[in-house]
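Visitor: I am new to this structure and would like to understand the reasons behind the words used for it. Could you show it to me before we begin?

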Amino acid sequence: MSEDADAPPPGALVAPAAARNRDPILSVLRRVLPPAGLVLEVASGTGEHAVHMARALPGATWLPSDPDPQARTSIAAWRARAGLPNLEPPIALDAAAPNWPVARADAVVSINMIHIAPWEAGLGLMAGAGRLLPPGGPLVLYGPFNLEGRFTAPSNAEFDASLKARDPRFGIRDVAEVRAAAAARGLSLAERIEMPANNMILVFHRDA
Ligand SMILES: C[S@@+](CC[C@H](N)C(=O)[O-])C[C@H]1O[C@@H](n2cnc3c(N)ncnc32)[C@H](O)[C@@H]1O
């Protein structure tokens with residue numbers, strides 16, 4: 001039996017949304033990431049974004065992470081298939097932990113995490129980025145966000161209800177709340193970019 005080259009490798013997970021959002025996210029990353037350096041991805045999930053971004057951004061060294069062992073198995077499987085020299089093995093990283101197993105990064109990226117985790121993970125993400133980044137270094141968040149306490153689309157309200165049914169600590173965060181929490185951790189909101197399917201990218205810069 002010959003292996004189907006298009007099928008996911010053993011252990012690899014597939015998130016259908018990743019195929020839809022990876023290029024719009026990439027087009028923003030091309031502009032807002034430094035041209036070279038270490039990019040720490042927090043909550044890499046399946047690892048599909050990590051492969052896509054590392055392939056498209058050869059100047060970056062992409063470091064994927066996730067606290068979930070099944071996710072790390074998936075990331076490792078996609079990484080082995082891709083064979084990219086600038087894609088590091090995944091590390092175990094819980095954003096909420098006070099100490100992270102990485103000392104510095106030139107940029108931090110997190111896609112679809114802070115609404116699908118307790119708020120402590122979002123606070124930890126901002127605290128960690130504040131510790132690791134150099135002055136001016138970017139923290140890039142992608143996902144759905146509210147504006148002035150309001151959902152930006154009915155589908156986001158439905159999504160928020162489904163998240164809270166899963167875990168009452170989950171839910172779509174408000175841009176103002178995220179901005180204030182980041183500011184308290186040495187990160188200033190530099191840009192808010194509207195993305196397809198009622199998502200946004202928030203770009204923060206580490207204060208000098
Ligand atoms: C919806 S998935 C998103 C995965 C991927 N970034 C994507 O967009 O396909 C949420 C991810 O957040 C991770 N996660 C949950 N709590 C976390 C935490 N405290 N620190 C870091 N990652 C966390 C989960 O393990 C999961 O992989």
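Guide: Two strands are said to pair if DSSP finds at least two bridges between them, and strands themselves are DSSP runs (E, at least two residues), while helices are runs of H or I with at least four residues, numbered from the N terminus. This is a predicted model, in which local features need pLDDT of at least 70, side-chain atom pairs count only at pLDDT 80 or more, and totals for chains, interfaces and linings use all residues. Residues are numbered from 1 along each chain as its sequence is written, and side-chain values use heavy atoms, with hydrogens and water left out.

Visitor: How do you know that S1 and S3 pair?

Guide: Four bridges join S1 to strand S3 (residues 107-111) in the parallel sense, and because at least two are required, they count as paired. Leu-40 stands opposite Val-108 in S3.

Visitor: What makes strand S1 "mostly covered"?

Guide: Buried means under 20% relative accessible area, exposed over 50%, and partly exposed in between, with a 1.4 Å probe and protein chains only. In S1 (residues 37-42), five of the six residues are buried.

Visitor: Why is the approach of the ligand to Asp-94 called a polar contact?

Guide: A polar contact is a pair of N or O atoms within 3.5 Å. A nitrogen atom of the ligand is 2.8 Å from an N or O atom in the side chain of Asp-94, so this pair meets the definition. A ligand nitrogen also lies 2.8 Å from a polar backbone atom of Ala-95.

Methods. A polar contact is a pair of N or O atoms within 3.5 Å; within protein, one must be able to donate a hydrogen and the other to accept it, and residues adjacent in sequence count only if both atoms are side-chain atoms.
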